[in-house]
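Got the model open in your viewer? Let's walk through it one selection at a time.

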Amino acid sequence: MGDFSQKIDKFLEIFIEQNGYTRVVEGLQNTILIAVTGLIVGIIIGTLIATVRVVPKYKRLPRILNGFCSFYVAFFRGTPMVVQLLVFYYVLFPLIGLHVTGVQVSMLVFGLNSGAYISEIMRSGIQSVDVGQMEAARAVGLSFREGMTKIVIPQAVKNILPTLGNEFITLIKETSVVSFVGAADLYVAFSYIGANNYEFMVPYLVMALIYIGLVLVVTLLIKILERSLRKSDRRN
């Protein structure tokens, strides 16, 4: 017990007296920024891909777009996140002459990766909506695009909200790999504290607790949002 107390004292010395907390705050901000941006970009891309996947393939353009979307989904679902980060940061961006930070490339890659997964989630959500909803929309004069954006997709989002919450939680946990491209996340912050006192037990335990806290907060917010949507449905 005394040995563990010494470990805590060493951790607090680096965390407070040597301003280690500033790195933790920066890492927490970057972790949340990457996860939130990744989710938003993923929802936008995923919705577009899912729409393309469910559009009738009577014409050539929808078939071409569907082929491109299939390749996109296969690539981002078939390669590890860390490989995608390394390819974008060390290969693609240098080839086209773009200079971006680790945080910026992480936000982009997380969004592109999430878009591939959310597209399948959104597609199943769209298909779960009764086909009569779209038929009714077309009957009152709405175009296919208007019927999707105003009627089908909002209902699909309600159906897949818990799954989107799980995707956000996954993004938060996967930010631990962004250190491979030099982004300062929670893992980097606590590794710095551990390296400065040659003791990693307490820093990594605290890091785990922060991740658990983030997940619990997201879970609570999703439940509140679900409850709010159910209440609005009952009022309607």
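Start with a cartoon view of the whole chain: reading along the sequence, you meet the pattern α-α-α-α-α-α-α-α-α. That makes 9 helices and 0 strands, where helices (H or I, at least four residues) and strands (E, at least two) are DSSP runs numbered from the N terminus. The radius of gyration is 22 Å, well over the 18 Å that the globule rule gives for 236 residues, so the chain is more spread out than a compact globule. That radius is taken over C-alpha atoms, and the rule is 2.2 Å times the number of residues to the power 0.38.

Before you zoom in, some housekeeping. This is a predicted model, in which local features need pLDDT of at least 70 and side-chain atom pairs count only at pLDDT 80 or more, while totals for chains, interfaces and linings use all residues. Residues are numbered from 1 along each chain as its sequence is written, and side-chain values use heavy atoms, with hydrogens and water left out.

Next, color by pLDDT, the predictor's confidence in each residue, from 0 to 100. The chain averages 86, and 97% of the residues score at least 70. Select helix α4 (residues 81-95) for the highest confidence, at a mean of 93, then helix α6 (residues 131-139) for the lowest, at 77. Where pLDDT is low, the predicted coordinates should not be read in detail.

While you're at α6, step back to aspartate 130, in the loop between α5 (102-128) and α6. Is this aspartate 130 buried or exposed? Aspartate 130 is exposed, with a relative accessible area of 52%; the cut-offs are under 20% for buried, over 50% for exposed and partly exposed in between (1.4 Å probe, protein chains only). Now pick valine 152, 22 residues away along the chain from aspartate 130: their C-alpha atoms are 8.7 Å apart.

For a contrasting stop, go to threonine 31 in helix α2 (residues 20-54). Threonine 31 counts as buried, at 1% relative accessibility. Which residues does threonine 31 touch, not counting those up to four places away in sequence? Show Ile172, Thr175, Asp185, Leu186, Tyr211 and Leu214; contact means heavy atoms within 4.5 Å.

Finally, zoom back out. Residues 24 or more positions apart account for 74% of the chain's contacts with a separation of 6 or more. Buried residues make up 38% of the 236. The C-alpha atoms fill a box of roughly 75 × 50 × 25 Å along the principal axes.
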